[in-house]
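User: I'm new to reading protein structures. Could you show me one and go through it with me, bit by bit?

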Amino acid sequence: MRTKTLVRIFVGVCLMSSPLAQSAQPTESINFTVVNRYDVGGEGGWDLLTFDAKRHRLFVSRSTHVQVIDADSGKVIGDIPGTEGVHGIALADDLNVGFTSNGKSNSVTAFDLTTLNVIETIKISGVNPDVILYEPKSKHIFTFNGRSANATVIDAVSHKEINTISLPGKPELAVSNDAGNIFVNIEDKNEIVVIDGGSNKVLKSFSLGSGEEPTGLAIDKIHNRLFSVCANKKMEILDSESGKIVSEVAVGSAPDSAAFDTSLGIAFSSNGDGTLTLVKEDDPDHFSVSQNVVTQKGARTMAYDSDKHRAYLVTASFGETPPVTKEQPKPRPALIPNSFVILVVSLKQ
């Protein structure tokens, strides 16, 4: 036992000094658990949320407005109104400006990240802007538009629409490698499209193999790995340069968001069945499920704090599901009023 312990310590020291340090922490020592529950309440549904690492705040879309919440206390500290059908929030920290995608009004709201005051509402040509992303190298905002199957490009400095990028299908979540390339899941084509953020052109597309209806997407920028979570309970892991599928692992049902923690070497999938799946990067070509944290039913949308190793998930309590009808072939259960919550899932120390 002493020999094994010495070998393990020596290997750990070597790994911590190498570029593979993110995978150095033994899987058995990585344990996440629900540590807090913020009873935010309020009326209306929700969609995406974004974590502001600089100010330690959460921006949560709430149908017609965006709630701003202190990430440590769970207290509502601000509100951004007039965002009809808001889906996502993108932060341009270098410009001190945030942007929301307003699906029902086909617009983007620009707001000051310090004061939270609205700066401008930008009308766009895209229909139903959903996911929104800021690409720092080009200083472009991209809205991925669900009904027009394209992306609107906005200059984040001038707040002017400058381009439209046609896409092969319905876009979902997107990520940037911070070097100019953007990757976006195409839900109805089971593929990932790669966009050049400078020229605003599609460079190529990657097949997701057996993955179906991809939603959430995360990236390991060090090892060039993409993590695409799919409706058929799979996470497809791809080389972001070649598009080669290097691994496939099982996640919970109804996944929607993905995240990656570089220092831990862990990818996350937040699932509507009330689980958070942790996938360990043993090395850049080998991945395995290390944990399924029990959260709460419907907690399928997530924002992640890599510094404190915390996932923030949103959901609510639901009543009975109405019967299937011709008009409503996929009815949703009724939302119980004032039951909206944020769950905090953190690395157990």
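Analyst: Sure, let's start with a term: buried means under 20% relative accessible area, exposed means over 50%, and partly exposed is in between, using a 1.4 Å probe and protein chains only. This is a predicted model, where local features need pLDDT of at least 70 and side-chain atom pairs count only at pLDDT 80 or more, while totals for chains, interfaces and linings use all residues. Residues are numbered from 1 along each chain as its sequence is written, and side-chain values use heavy atoms, with hydrogens and water left out.

User: Is Lys 170 buried, exposed or partly exposed?

Analyst: Lys 170 has a relative accessible area of 27%. Partly exposed covers what falls between the buried and exposed cut-offs, so Lys 170 is partly exposed.

User: Which residue forms a salt bridge with Lys 170?

Analyst: A salt bridge here is a side-chain nitrogen of Lys or Arg within 4 Å of a carboxyl oxygen of Asp or Glu. For Lys 170 the closest N and O atoms of the pair are 3.3 Å apart. The pair links distant parts of the chain, 17 residues apart. The partner is Glu 187.

User: Is Glu 187 buried or exposed?

Analyst: Its relative accessibility is 18%. The cut-off for buried is under 20%, so Glu 187 counts as buried.

User: How many residues apart in sequence are the parts that Asp 93 and Arg 55 tie together?

Analyst: Asp 93 forms a salt bridge with Arg 55, with the closest N and O atoms 3.0 Å apart. Asp 93 lies in the loop between strand S6 (86-92) and strand S7 (97-102), and Arg 55 in the loop between S2 and strand S3 (57-61). Strands are DSSP runs of E with at least two residues, numbered from the N terminus. So the pair ties together parts that are apart in sequence by 38 residues.

User: Which residues are linked with Arg 55 in a network of salt bridges?

Analyst: Arg 55 also meets the side chain of Asp 52 in a salt bridge, at 3.0 Å from N to O. Asp 52 counts as buried because its relative accessibility is 0%. The network links Arg 55 with Asp 52, Arg 57 and Asp 93.

User: What is the strand order in the open sheet of 4 strands?

Analyst: Two strands pair if DSSP finds at least two bridges between them, and in this sheet the pairing is antiparallel. Strand S2 (49-52) and strand S5 (76-80) are the edge strands, each pairing on one side only. The order is S2-S3-S4-S5.
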